[in-house]
Structures are given as structure tokens and as C-alpha cells.
Amino acid sequence: VRLRDRGRGSPEAAAAQAAHDVLVGLNAPATAVYDAALERQLGTTPSEYERRGAAIGARVAKEVLAWRQNDGWIVTGLPPYVQPPFPGLWQKTPGVVNAAFTHLQNAAPMALVSPTQYLPPPPPLITSEQYATDLHEVRLLGKSDSAVRPPEQTTIARLWAGVATTGTGTATPFPAIWNNVTRDVVLERRLSLVEAARVFVLVNVSIHDGLQTTQTSKFVYGLWRPVTAIREAESDGNPATAGD
């Protein structure tokens with residue numbers, strides 16, 4: 001609820017209605033699920049105070065959806081990304097048709113000025129000692145049957161990749177993990193509705209813009225992926241690397 005609207009309606013009803021309307025706007029096939037959740041929150045006969053709050057929430061949700069309607073996050077057909085077949089430049093991953101998320105470099109961030117505002121530093125030159133050291137580390141630790149990777153690192157990798165430990169079933173993806181953490185912090189610290197909303201906004205905007213920055217950097221620098229770099233190491237011009 002925006003500050004100027006507080007006191008005119010129920011903040012809880014406003015938050016519930018805003019969440020409902022945004023979710024319906026993003027995932028219309030699940031409208032019945034969201035309708036049922038809203039009814040559990042407001043009941044079948046909400047008071048005038050709750051109805052005023054819900055109206056405020058509906059208005060804010062409409063404004064937010066309009067703001068992000070043409071943000072470039074969801075597109076039909078991804079822009080192609082092709083690099084010359086030179087050592088060090090990105091090549092298609094074996095078994096994958098095209099590069100993914102190529103559109104994010106042209107999408108509108110949530111809070112940043114541009115997707116390149118905080119790019120990570122460029123990768124080391126493939127002929128450098130640092131590159132050889134990094135490649136060797138990735139080759140040893142990243143191998144599927146690595147004998148030197150600690151089990152804890154495998155578990156951590158599976159967690160953030162959203163891969164079930166058994167290799168079957170559905171694991172929790174990383175955005176949901178962070179939102180679960182956020183929920184627990186909100187409950188533990190007994191934050192108010194407005195404080196809780198602010199925390200969730202900060203976390204999810206950070207995830208959105210951080211992910212976009214990371215994906216954009218891949219296409220800005222165009223470095224080949226480990227699967228290519230390791231297999232083609234004999235041709236990278238670095239005497240300290242070896243192909244596998």
C-alpha cells in the first residue's frame with residue numbers, strides 16, 4: 001500500500017489483492033488457484049475497510065503490470081547469437097541447438113540503469129597463466145566423476161542448479177530458495193507488512209537484475225564454455241593447458 005493510501009483501506013487486503021492480480025496477469029491458467037487463495041484471505045463477505053484496501057491493491061497491481069508489460073523479458077523467438085569458430089570464443093554446447101537467454105541483454109532491468117551497468121570484469125586472456133590455472137581447476141572439479149571434488153561441493157552445486165540429489169524428481173529452483181530464506185527471516189524478525197514487502201522486493205529485484213547482468217556479460221565477452229574450452233585446449237595457444 002502506498003503511503004498516501006494508508007488509512008483508507010486494509011493494508012492486508014491491498015497486499016492480497018495486488019498479489020492476486022499480478023499472479024493472474026503473469027499466469028492466467030492458474031487463476032482459479034489464485035482466486036481461492038484470495039477468498040481464503042478476504043473471506044466471502046469482506047468489510048468496507050477490506051474492500052477499499054483491495055481496490056487500492058488492484059490499482060497498484062494494474063500500474064505495475066503496465067509498467068513491465070513491454071520490458072523485453074518475455075519474447076517470442078530468441079535473437080540468434082553466433083561467434084566465429086576461433087579459439088576462446090563461444091561455441092554451441094554439444095546437444096544444444098542455440099544459445100539461451102540472448103534477449104536479456106536488451107530487456108529492461110528493474111532497478112539498474114542498464115544490463116551493463118555493473119558488468120563483472122572481463123575474463124583473462126586465453127594465453128595467460130591465470131586462464132590456464134582457472135581451466136585446470138574447472139576441469140578437475142567440474143568433471144562428472146571428479147575424484148577431487150568434495151561431496152559438499154557436489155551438494156551445493158545441485159542445490160543452486162535446482163537438481164534433485166537422487167537425479168530424479170523436482171528440486172527447488174534458486175529463486176524459490178532465496179524466497180524461502182526471505183520468508184523465514186521475515187517471520188523470525190516479526191517484520192510488519194510494509195517491512196516484509198520491502199524485503200521481498202529488494203531480494204527479488206536483486207535476483208532479477210543480478211541474473212540479467214550475469215547473462216548479459218556472457219554475450220558481451222563471448223568466452224567459450226568449459227565444455228568447449230577443455231575439449232579444444234590443444235588449440236587455444238596456451239602451452240600450459242591440455243585438452244581432455
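Arg-51 counts as partly exposed at 43% relative accessibility; this class covers everything between buried (under 20% relative accessible area) and exposed (over 50%), with a 1.4 Å probe and protein chains only. The model is predicted, so local features need pLDDT of at least 70 and side-chain atom pairs count only at pLDDT 80 or more, while totals for chains, interfaces and linings use all residues. Residues are numbered from 1 along each chain as its sequence is written, and side-chain values use heavy atoms, leaving out hydrogens and water.

**Exercise 1. State how many salt bridges a search of the whole structure finds, and describe the one that Arg-51 forms.**

Step 1. The criterion is a side-chain nitrogen of Lys or Arg within 4 Å of a carboxyl oxygen of Asp or Glu. In general, side chains of opposite charge can pair when their charged atoms come close.

Step 2. The search over the whole structure returns four salt bridges.

Step 3. The partner of Arg-51 is Glu-48, and their closest N and O atoms are 2.8 Å apart.

Step 4. Both residues belong to helix α3 and stand three residues apart, about one turn of the helix. Helices here are DSSP runs (H or I, at least four residues), and strands likewise (E, at least two), numbered from the N terminus. An α-helix has 3.6 residues a turn, so residues three or four places apart point the same way.

Step 5. Glu-48 has 42% relative accessibility and is partly exposed.

**Exercise 2. For the salt bridges Asp-71 to Arg-68 and Arg-139 to Asp-244, give the N to O distance and the exposure of each partner.**

Step 1. Asp-71 and Arg-68 meet at 3.0 Å, N to O. Asp-71 is buried at 14% relative accessibility, and Arg-68 is buried at 12%.

Step 2. For Arg-139 and Asp-244 the N to O distance is 3.9 Å. Because Arg-139 sits in helix α4 and Asp-244 in the segment after α8, this pair ties together parts that are 105 residues apart in sequence.

Step 3. Arg-139 has a relative accessible area of 25% and is partly exposed; Asp-244 has 51% and is exposed.

**Exercise 3. Compare the length of α2 with its expected span, and find which residues of α2 are buried.**

Step 1. α2 (residues 31-42) has 12 residues. The expected span of a helix is 1.5 Å times one less than its number of residues.

Step 2. From first C-alpha to last, α2 reaches 16 Å, close to the 16 Å expected.

Step 3. The buried residues in α2 are Tyr-34, Leu-38 and Leu-42. Seen down the axis of α2, they fall within an arc of 60 degrees, so they line one face of the helix. The arc is taken over the directions from the helix axis to the C-beta atoms.

Step 4. These buried residues pack against α1 (11-26) and α3, where contact means heavy atoms within 4.5 Å.

Step 5. Ala-32, Val-33 and Arg-40 are exposed on the other side of α2. Just after the helix, Gly-43 takes a positive phi of about 80 degrees.

**Exercise 4. Repeat the analysis for α4, including what covers its buried residues.**

Step 1. α4 has 14 residues and reaches 20 Å from its first C-alpha to its last, close to the 20 Å expected.

Step 2. Tyr-131, Ala-132 and Leu-135 are buried in α4. They cover an arc of only 100 degrees around the axis, which puts them on the same side of α4.

Step 3. The cover over these residues includes α8.

Step 4. Tyr-131 also has a distant partner in sequence: Ala-240 is 109 residues apart from it, with 9.1 Å from C-alpha to C-alpha. Ala-240 lies in the segment after α8 (226-231) and is exposed, with a relative accessible area of 58%.

**Exercise 5. Locate Phe-101 and Arg-190, and state their phi angles.**

Step 1. Phe-101 is in the loop between α3 (48-67) and α4 (129-142). Its phi is positive, about 60 degrees, although Phe-101 is not a glycine. Phe-101 is partly exposed, with a relative accessible area of 43%.

Step 2. Arg-190 is in the loop between α6 and α7 (193-221). Arg-190, also not a glycine, has a positive phi of about 55 degrees. At 75% relative accessibility, Arg-190 is exposed.
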